[in-house]
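Thanks for sharing this one. Here are a few notes to read with the structure open beside you.

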Amino acid sequence: MDNLKELLARKTFNKISHAAVVIWILIGVIFLSIFADTEISESRLDFRCSGAKIENIDHVRGQCFELYEKQYNKYDLPIYGFVTLNFFLIGTVCVLYSQIVSPTVDQLSPSARNGDLEGQSRDQENPLSTGKKLFIAYCCQLFTRIILGALFMVLQTRLLYPLDFPSSFPCYLTSEGNQPKTSATVIQNSSSILHNCHNQRATKKNSWMNAVLIVNGIFVFGILMETVYILLRAWKEKCFMENLKFLLTHMNQYHTSTGLKLEPQQREERTEHETTTPQEPKQREERTEHEPTPVPNELHPVEKSTDSETNIPQIQSEPEKLQKTPLQEFIETTKNKIKEETTQPPQLRSPLSSTPGEGPAKHLTLDQIYTKLVVVPDRANHDFSGNRWEQLGAYAKSGEKNETPRGPEDILNHQNKNVLIVGRPGIGKTLYCTKVLRDWASNKVFHESPDAKINFDAAFFIKFRRLNGKTDLNLRELLTLSEHSRTGHMVDEVWNYILKNPQRVLLIFDGIDEYKHNTKIGDENYDPQFGDCVDEKMPLFALYEKLATGKLLKGAAILTTTRPTALPCIECVSFDKVFEILGFSSEQVEKNSQLSWLHLTYNQLTDEGAKYLADAIRDNNCQLRWLDLSINNIRDKGAQHLAEAISNENCQLCTLSLALNNITDKGAQHLADAISNENCQLHTLDLTHNNITDKGAQHLADAISNENCQLRALSLYGNNITD
């Protein structure tokens, strides 16, 4: 049996096909033993003939038996010889195929290449991966087995044994020398004597011959079905014929070798490790963000040995330690890279450079500034007719009154795995995506736990605007171009795991509105130009559509963001859920005022919201230094509230942006009074695109000439100020 396993390697066959070949060989051995026994034990003594004298009975039996054999086995081929040829030839074809393709399968197998993957090219376009040797060889052995099976069925029923073996046989012998006669010569020779003979083994022999015929028919039909399936799939997906694709999808080689599965010993050690004291969860929460990310289920434990004399556990030397697989290394490295690069995104850096003697500039981290967004299911209607400034004012508040701030797992979950986030410009869509990615990397969300209904081993953040210059690409290339990708390539083991476990993958697509070809999304739905193949190169709009509709990487979670203006481009995609981001609640604004930076553009803040902010920033605990309230609906009353706040001695605000609001000369006067106050620390004031005229400009001019004014930059562009 061990020799059979070596000759017929499981890795070279589909699981079902391999089982069928093994069963075929075993059945062949059984048939061969049965027919060999029949041929060896069958003798003339089993052949009975009547009408012969006692002294001639052996002679008559022998003559009639020869005539019987000549008539029903005209080519004198023993049945056991036929059965041997039948099963041996087909089995030999399978063995030859297995031995020929085994080296190719070994080279494609990640388990055989773990040791030197880093020293080889990972380019998925290499000839080994994209060649068709494996597909051609597999099809050839199927065709050969079909032909041989059909041929032996024809030989059995039409040529070698066309009449079966009857139990009764009329044997005519001449009285002269008792020579055997055929039925054709009996009429001419009236001296022939009829002997009615009976073959006692005929029924058994016929039954087993029919069994051989049925087995051949069943196996030929099964092989034919597999062949038709393979050819149809190859016709539909041309890349299915490529070596690596064929190995993964049809021969199913890596369903266990690349999975995150523990050996029994590892499971026992992990169970023991997870039985922790009540203080352990707290200790895990206190880990700093710069510590290496633990990768659950993936790191092999360092085995220990025990000194037989001292009974002291000893750690094995470095060469004996079990090494991380490329998949485990990918997960750990990717998470650490994401945490490092998202700690302080560029948009959170302070706009003010540090002043000599005042210490370094205070830059914020994402974890410091981020709070849960207020989102509502579905979305409000907006009218985007008119020019850009009219469009910016078209965003309306939702009709919902009791919106609850939501976190990542409130939006993306096991019930809603294909989610669309809609939001006006600057509302925080990209920041939300970054936060989701960071929380995943920090094992705060979507990580494996007893109560987790959805978890991911790999997450990819793809920004449409960065791919505007890219031509056709396949899925593997797209993933390597994602944000925070550690290298420009993806090792085979990681790629194979993604293909086999799409439900453990999160894809984040940010900013469809910023993709210059977004109007072509949906073309594949109406007029398909590309196959549903992960290795086929296609434009990004086609690749995104196939991912979002489940034609590629079915089961993966997909989070997409867009501005409302681009919604018509993705009508072909059926999202599980659509959310619209409204911004921050008033309570969150007050909480955020304890930080040093706050960005609240496009939130439709009114004078009432400005009053909340004003009350917060003059609190003696407020550390806010930079406040952006551009593109809102703040009027003169709101400007007055803010002016009173920045005049307060507790206010530390250095930069205030009120661009694209509805402030008039009256509001400008309130602000002018504030910046001339000795308590005001404002260095930068942005009032572009308001409704300020020459009168308001005069108030501001008088203020900046005051000796108390610390203002260094004032912008009034886009107002109604004359020369």
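1. Lys546 and Glu524 are a good place to start in this predicted model: their side chains meet in a salt bridge, with an N to O distance of 3.3 Å. The pair links distant parts of the chain, 22 residues apart, with Lys546 in helix α21 (residues 540-548) and Glu524 in helix α20 (residues 523-526). Both Lys546 and Glu524 are buried.

2. How many salt bridges does the structure hold? There are 13. Another of them joins Asp615 and Arg618, whose closest N and O atoms lie 3.0 Å apart. Asp615 is partly exposed at 34% relative accessible area, and Arg618 is partly exposed at 26%. Please look also at Glu524, Asp532 and Lys546, which salt bridges with shared partners join into one network.

3. Within helix α13 (residues 326-342), Glu341 and Lys337 are four residues apart, so about one helical turn separates them. Their side chains form a salt bridge at 2.7 Å, N to O. Glu341 has a relative accessibility of 36%, so it counts as partly exposed; Lys337, at 23%, also counts as partly exposed.

4. Why is helix α24 (residues 636-646) described as largely enclosed by the rest of the structure? Because eight of its 11 residues are buried. These are Asp636, Gly638, Ala639, His641, Leu642, Ala643, Ala645 and Ile646. For the neighbours, look at α23 (607-617) and α25 (665-675), against which the buried residues of α24 pack.

How values were computed:
Residues are numbered from 1 along each chain as its sequence is written. This is a predicted model: local features need pLDDT of at least 70, side-chain atom pairs count only at pLDDT 80 or more; totals for chains, interfaces and linings use all residues. Side-chain values use heavy atoms; hydrogens and water are left out. Buried means under 20% relative accessible area, exposed over 50%, partly exposed in between (1.4 Å probe, protein chains only). Helices (H or I, at least four residues) and strands (E, at least two) are DSSP runs, numbered from the N terminus. Contact means heavy atoms within 4.5 Å. A salt bridge is a side-chain nitrogen of Lys or Arg within 4 Å of a carboxyl oxygen of Asp or Glu.
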